[in-house]
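Please keep the model open in your viewer and follow the selections below in turn, beginning with a pair of strands and ending with the whole chain.

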There are 2 protein chains.
Amino acid sequence: MPLNPADPDFLSALAARLPKDTLRAPEPRYLEEPRGRATGLAGAIALPRRVQEVSIIVKACNDHGVPLIPFGGGTGLVGGQLSDALPAPLVMSLERMNRVRSVNAQSNVIEVDAGCILADVHAAAEGAGRLFPLSLAAKGSAQIGGNLSTNAGGVNVLRYGNARDLCLGLEAVLPNGDIWQGLSPLRKDNTGYDLRNLLIGAEGTLGVITAASLKLFPQPFAHETALLVVPSPEAALDLLAMAQDMVGEAVSAFELMSRQALDFLAETMPEVRSPFTNHPDWFVLLDFGLSRAQAGNAAMETLFEAALKNGLVSDGFIASSSQQREDFWTLRESIPLANRAIGSISSHDVSLPLDCLPVFIEQGQKLVEGFGGLRLNCFGHLGDGNLHFNAFPQKGRNKSEFSHLSAEIKSAVHDLVAQFGGSFSAEHGVGRLKTGDLLKYADPTKIAAMKAIKAALDPNGIMNPGAVLEV
Amino acid sequence: MPLNPADPDFLSALAARLPKDTLRAPEPRYLEEPRGRATGLAGAIALPRRVQEVSIIVKACNDHGVPLIPFGGGTGLVGGQLSDALPAPLVMSLERMNRVRSVNAQSNVIEVDAGCILADVHAAAEGAGRLFPLSLAAKGSAQIGGNLSTNAGGVNVLRYGNARDLCLGLEAVLPNGDIWQGLSPLRKDNTGYDLRNLLIGAEGTLGVITAASLKLFPQPFAHETALLVVPSPEAALDLLAMAQDMVGEAVSAFELMSRQALDFLAETMPEVRSPFTNHPDWFVLLDFGLSRAQAGNAAMETLFEAALKNGLVSDGFIASSSQQREDFWTLRESIPLANRAIGSISSHDVSLPLDCLPVFIEQGQKLVEGFGGLRLNCFGHLGDGNLHFNAFPQKGRNKSEFSHLSAEIKSAVHDLVAQFGGSFSAEHGVGRLKTGDLLKYADPTKIAAMKAIKAALDPNGIMNPGAVLEV
C-alpha cells in the first residue's frame, strides 16, 4: 500500500474521534532538529493525553496508510524525529503524557509516562531517596520515551548501563493500534520473546512506547569527583582499570576530554569555570559513587597518589565541595554546546573495542588532519569505548568552506571505525542520517531479519517510515 | 507447509553434504530431561563442528520442512529440548563446538562457542584473572548456548544480571540457514533492531546460537559469606536493603532458604554439611564480593551485628575459611538435588514484585497446604523476587498418590502469582511444559506480536516447533 498524506479529510475524520484540541497545526519546533541538519514537514501535530488516544491515532494511520512520526523531546541527533521525504506525516508528540505514575522505593521501581522529561524522572526518584541513573546533556528537555526508543546512553552507562538496561517493562501501541500492556516491576521474567528490547532502540519504527517501568538504585552514600590529567588515552584506560580494581562498580563515570574541548569552551563559553591554567592534552573526569563501607577512606586521593607514582596521571584536581563537583560536571556537559557554537563539519558517535581505542584515536586524528584546515574534538565515555569524534574548521575559517568535504570525512572515519570492528553509532541511533551507514556496515543477515520483522509488525509501513531502514 | 520427519532419505542426502559421523543414531541422553517429566524422539542426532555445518543442517531442514531441535547441555527444566509430538525431528547438539575462542582481560570480553560448558567458561575467565558471573547448579553440564537461548538466571543475577545482561554479541544461524555474524566486544552499539535480545530467551525457536561474546568482570578482591537466620521473609528483604546500603553492588548473592530445605537435605543427602543444630524457619545465604577499598573492614560482621540489634537477624554464621564458604554454597546448591530425590508433585519457578513477596509466600503456603498431605519447599533468589516454590508429598507418602492433583496445584499457584502481577516463569523459560501458561497469562497483543515475528523469521516453522508457542 502506498503511503498517503495526513490531508484535511483524514485529519477531520480523526479529530472527530478524539478530544478537542488533540490535533493541531504544525509549529516549527516539531520540524527542526538541534543541530539544524534536517527539517521536517507535517500534516498536523497530534497531542494525545492517554494511551487509548494513541491507539486511536495509530490505528487510523494504519487504516489509511498515513505515515506517523512519534516525537519525544526532539533532542535526537540523527533525524529520527522528522522527515521531509514523505507524504505529509502525522507527527505525534507525547508531551501531554508526562505523569510519574508511581515510585516504589522498596522495590526500586518507577513507572512513568513516555512524555516525562528525563530531569523530572530524576527528581521523582530523588524525592523517594533513590537514583535513576540515565543522564545526558539534554536531560532538561529529552523525554524518557525518546530515550528508550533510541536506547540513549550518556555518562553513567559504565556503571548502570544504557536506557535498555534500565527498563523493566513497557506499555506500547503496536503499528496495528493494539495496546501492549507490558509494564512490569519484575526483575526476572522469562515468558516469551523479548518484545521490550525489540521496541527499545527501534526508534519508533515498530510502535510507540507510551509508558515504562524503570529500575531505581540506592543513592550512593558519598561522591568523590576529580579531573585528572593523563599522558595519553592509553594511560587513561590503565587508570580506569586501576580505579575499578580499587572501588569496583563505584566508578560511576569516566569521561575523556582533550585540550581541544578546553580551547572551544574558552572560545565560546568563557563563563564555564575550569580549574586548568594550562590546557592539558588529555584529561579525564572521574566520578566515584561510593557505598557507606567505601566512603571516608579518601579512595580518590589514594588512587590519585598511586597513579601519580606510576605515571598514569601527571596532575589533577579532586573536588573539595559539591559546588566544585558541579563545576567539573558543567565543564563536561558544556562541550556539546561549545561544539555547536563552533559548528562541526562532520561529527561521529563511534564505539570501539576498548583495547583498540588508543590506536584508533591516533590514526583517526591523523586522518582528520589529513583533510587540512580542520580541528578535531575527541571526547566521550571512555569506559564504554564510546567516543564523540568531531571535526571543526580552524579558528577564523567558516564551516561552509568545508561542507563539500563532510560526506568524505564521515565516510573515512566510519571506514576506519569498521576496520577496528567498531560501530558508526554508539548511542545516538540510526535515524534518517545514518541509514546509508547501516546498509554499508551492518551484517546482511541482520538487515534481512530487520526487514522481515518490520514487515511482520508494520505491514503498511506507517511507523516512522524512512528511519533506521530506508523506505 | 506441513512438517516432515527426518526420514532415511532426508538423512542420507544431508549426511552426504557433511563430514563423516556428523549425523548419528539417537542416544537416550538426548531424549530425556533432568526430572523425567518428558521424553523425546528423534530421527537422528546432528553433531556439527563448525557454524558452516550448522548452516547446512538448518537450511536442509528448512528446505524439507523437517523439525529441528537445538540441544545444549540438556539441563533445561521445561522440556524445550525434546519433543515426542512432532514428525521425528532432527536433534542438533552443539557439544563439539566447545572452544573458548578468545579471552581479552583488558577489554573484559570472552568469546566462546555455544557448546562450551558453563564451568569451562568460568575456568577460562578465571585463568585470565577475570570473572564470568553466570552461575547455576547445573554449571558442570549446562552449555552457554543453552544458557543464552533460555536467558538463564542463577545465583548472581542480583549483581550481574541474567544471561541476557552478560551477552555483548552473538553468532547465530537463522531459520533460513543464513549465518548472522553478530559477535562483538562493543559495550555500546545502537545500529538497528536488537536481534541479540530477540534470540536470547527465544529457546531455539528463532534460530540457533552458535557462539557468543560475553562480558567479563574483575574478580572481587575478597569474599565474605554468611548464613544468617531471619525471623521472616519480610525481615530478609529489609536485611537485603541494609546490606546494599552498606556495600552497594558488592552484594553478589542473596538466597532465601527455609527449614524444609534443611529437612530435605538431612533426609536425602546427609553428607552435605550444615552449620545448624536446630533447623531455623528461614535463613539467607549472603555473599559479598568486595572491592579492595571495601575489604578488610569486616563489612559482614558489621552488618550481622547491626541486624542482630534491630531484630532482622537472630543468629548466623560468617564463613571463616574458603572451605566453610564452599560448604555454605554446597548447601544452597544441593537443594535442587534433594528436591529431585524427594520427587516434587508440582514445582514453580515464579517471580513477584519485591514488595509482594512476603504476602505471596504466606498465601502460597496456605494454598499448597490446603491440598492436604503436602510439604512446600520455598527457596530462591530473593533479591530478584524469584522463588522456587515446590510442592512435595509428606514423608512416607508417595508422589504418585498426588499426581492427579499436580495440574490443579500448578494452576492455583500460577493464578495466585498472576494476582500479584508476577510471572509463572522467572528463569526457566516456557519450553513445552508451560506453553499453556503463556497463552493463559500473557498479554494477547504480545502473543500476536510473537506469532508474527515467528512467522516472519521461520515461515516453515522448523525451529524447535511447539516450544514457547504451540504449533
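In this predicted model, begin by selecting residues 109–113 and 208–215 of chain A, which are strands S6 and S10, and which pair in the antiparallel sense over five bridges. Within this pairing, pick Val112(A), whose bridge partner in S10(A) is Ala212(A).

Now widen the selection to the sheet around them: five strands of chain A form an open sheet in the order S5-S6-S10-S8-S9, with antiparallel pairing. At its edges are strand S5, residues 100–104, and strand S9, residues 179–182, each of which pairs on one side only. If you look along the sheet, neighbouring strands are turned by 15° against each other on average, with direction ignored.

Next, add the helices that lie across these strands. Helix H3 of chain A, residues 118–127, lies across S5, S6 and S10, and runs at about 145° to S6(A). Helix H2 of chain A, residues 51–64, lies across S8 (167–173), S9 and S10, and its direction is at about 50° to S8(A).

Finally, select chain A as a whole, in which there are 14 helices and 18 strands. Its C-alpha atoms fill a box of roughly 70 × 55 × 45 Å along the principal axes, and its radius of gyration of 23 Å agrees with the value near 23 Å that a compact globule of 471 residues would have. Colouring by burial, you will find that buried residues make up 60% of the chain, while the accessible surface comes to about 16600 Å², 50% of it belonging to carbon and sulfur atoms. Of the contacts with a separation of 6 or more, 74% are between residues 24 or more positions apart.

Note on methods. Residues are numbered from 1 along each chain as its sequence is written. Chains are lettered from A and ligands numbered from 1 in the order in which they are written. This is a predicted model: local features need pLDDT of at least 70, side-chain atom pairs count only at pLDDT 80 or more; totals for chains, interfaces and linings use all residues. Side-chain values use heavy atoms; hydrogens and water are left out. Two strands pair if DSSP finds at least two bridges between them. Helices (H or I, at least four residues) and strands (E, at least two) are DSSP runs, numbered from the N terminus. Axes are lines fitted to C-alpha atoms, for helices over the stretch in contact, and angles run from 0 to 180 degrees between N-to-C directions. Contact means heavy atoms within 4.5 Å. The radius of gyration is taken over C-alpha atoms; the globule rule is 2.2 Å times the number of residues to the power 0.38. Buried means under 20% relative accessible area, exposed over 50%, partly exposed in between (1.4 Å probe, protein chains only). Accessible areas come from the Shrake-Rupley method with a 1.4 Å probe; for residues, only the protein chains shown count as cover.
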